[in-house]
Amino acid sequence: MATAFSLRYLYRARPVPRFLHVALQWFPQRGHRLSLADDELYQRTHISLLQREFPHVMYIDSYNSRGFTINGNRVLGPCALLPHSVVQWNVGSHQNITEESFSLFWLLEPRIEIVVVGTGNRTERLHSKVLQAIRQRGIALEVQDTPSACATFNFLCHEGRMTGAVLIPPPGETSLTYMSQDAE
C-alpha cells in the first residue's frame, strides 16, 4: 500500500518537458487590430420592442428617485399598480403603510392573487397587523426593495397572474431603464 502512494507521488511530481514551455510562449497573431467601435464589449446594446406579447398588461419600464415610467406613462411619487390602471399611493415611507393603504386591493374583482411591495432602496419590515390583515383576506404579499419589486411585478404580469404592486421610489440616483428611455 505504501508503495502505491509513493509511486503516485513520483508520477505527479514529474518535471514539465522543456519543449512544452516553449510551445506555450507562442500564440497566434491577428493580421489587424479591432477598434473600440468593432468590439462588442464597448458597444451599447439597444432593444427595440416591436410588439408586446401582452399589450393589455402593465409593465414597469423604468424607475428613478422621482417616480416610475409605466407602459410609457410617467408617474411621480409612490404609486399603486392594479391590473389595468395606476393610481397615486398616499404613503411617504414604509412606516406610513397601514391596513387602509391596502384596502384598495381587496375591493377589486377579480381578486388580486399577490401584491408586490417596493419599500425603497432596502427591504423593510411592515407592521405585523398590516401583514395579518392582508393574509386574512387571502392575498399573498411580497415585500422587497423597489428595484427587485419592479422586476418581480413585471415577471408575474408576464406570467398572466393577477398581480398588484405598491411602490415607493428609491431615494438617491438609483435608476433602471428597460427600453430606449435614453432617447427621451
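Reader: Why is Glu159 called partly exposed?
Author: In this predicted model, Glu159 has a relative accessibility of 45%. Buried would need under 20% and exposed over 50%, so 45% falls in between and Glu159 counts as partly exposed.

Reader: And what makes Glu159 and Arg161 a salt bridge?
Author: The closest N and O atoms of Glu159 and Arg161 are 3.9 Å apart. The cut-off is 4 Å between a side-chain nitrogen of Lys or Arg and a carboxyl oxygen of Asp or Glu, so the pair qualifies.

Reader: Which other side chain meets Arg161 in a salt bridge?
Author: That's Glu113, at 2.7 Å from N to O. The pair links distant parts of the chain: Glu113 is in the loop between α3 and β6, Arg161 is in the loop between α5 and β8, and they are 48 residues apart.

Reader: Are Glu113 and Arg161 buried or exposed, or something in between?
Author: Glu113 has a relative accessible area of 35%, and Arg161 has 35% as well. Since the middle class runs from 20% to 50%, Glu113 is partly exposed and so is Arg161.

Reader: What makes Glu113, Glu159 and Arg161 a network?
Author: Arg161 bridges to Glu113 and also to Glu159. Put those links together and you have the three residues joined in a network of salt bridges.

Reader: How many salt bridges turn up in the whole structure?
Author: The search finds four. One of them joins Arg137 to Glu99, with the closest N and O atoms 3.5 Å apart.

Reader: Why say that Arg137 and Glu99 tie parts together?
Author: Look at where they sit: Arg137 is in the loop between α4 (128-136) and β7 (140-144), and Glu99 is in the loop between β5 (85-88) and α3 (103-106), so the bridge spans parts 38 residues apart in sequence. Arg137 is partly exposed at 32% relative accessibility, and Glu99 is partly exposed too, at 30%.

Reader: Let's turn to Asp61. Why is Asp61 called buried?
Author: Its relative accessible area is 3%. Buried means under 20%, so Asp61 passes. Asp61 belongs to strand β1.

Reader: What does the side chain of Asp61 reach, and what makes that a polar contact?
Author: It reaches the backbone nitrogen of Gly72 at 2.7 Å. The limit for a pair of N or O atoms is 3.5 Å, so the distance fits.

Reader: Now the sheet. In what order do the five strands come?
Author: β5-β4-β8-β6-β7, as an open sheet with mixed pairing. β5 and β7 stand at the edges: each has a single partner strand, so one side of each lacks a neighbour in the sheet. From one strand to the next, the twist averages 15°.

Reader: How do you know that the pairing is mixed?
Author: Go along the pairs. β4 and β5 are antiparallel over four bridges, and β4 and β8 run antiparallel with three bridges. β6 and β8, by contrast, run parallel with five bridges, and β6 and β7 run parallel, also joined by five. Pairing takes at least two bridges, so these counts are enough.

Reader: Which residues stand opposite Leu81?
Author: In β5, the partner of Leu81 is Val86; in β8, the partner is Ala165. Val115 likewise stands opposite Leu141 in β7 and Gly164 in β8.

Reader: What makes β8 mostly covered?
Author: Five of its five residues are buried. Thr163, Ala165 and Leu167 point one way, while Gly164 and Val166 point the other way.

Reader: Last one: what makes the largest nonpolar core a core?
Author: It takes buried nonpolar residues joined through side-chain atoms within 4.5 Å. Here 19 residues make up the set, and those with the most contacts inside it are Ile60, Phe68, Ile70, Leu81, Phe153 and Leu167. Elements supplying at least two residues each include β1 (60-63), β2 (67-70) and β4 (79-82). α5 gives the most, with five residues. Apart from this core lies another, of 18 residues, including Val91 and Leu126.

Key: Residues are numbered from 1 along each chain as its sequence is written. This is a predicted model: local features need pLDDT of at least 70, side-chain atom pairs count only at pLDDT 80 or more; totals for chains, interfaces and linings use all residues. Side-chain values use heavy atoms; hydrogens and water are left out. Buried means under 20% relative accessible area, exposed over 50%, partly exposed in between (1.4 Å probe, protein chains only). A polar contact is a pair of N or O atoms within 3.5 Å; within protein, one must be able to donate a hydrogen and the other to accept it, and residues adjacent in sequence count only if both atoms are side-chain atoms. Axes are lines fitted to C-alpha atoms, for helices over the stretch in contact, and angles run from 0 to 180 degrees between N-to-C directions.
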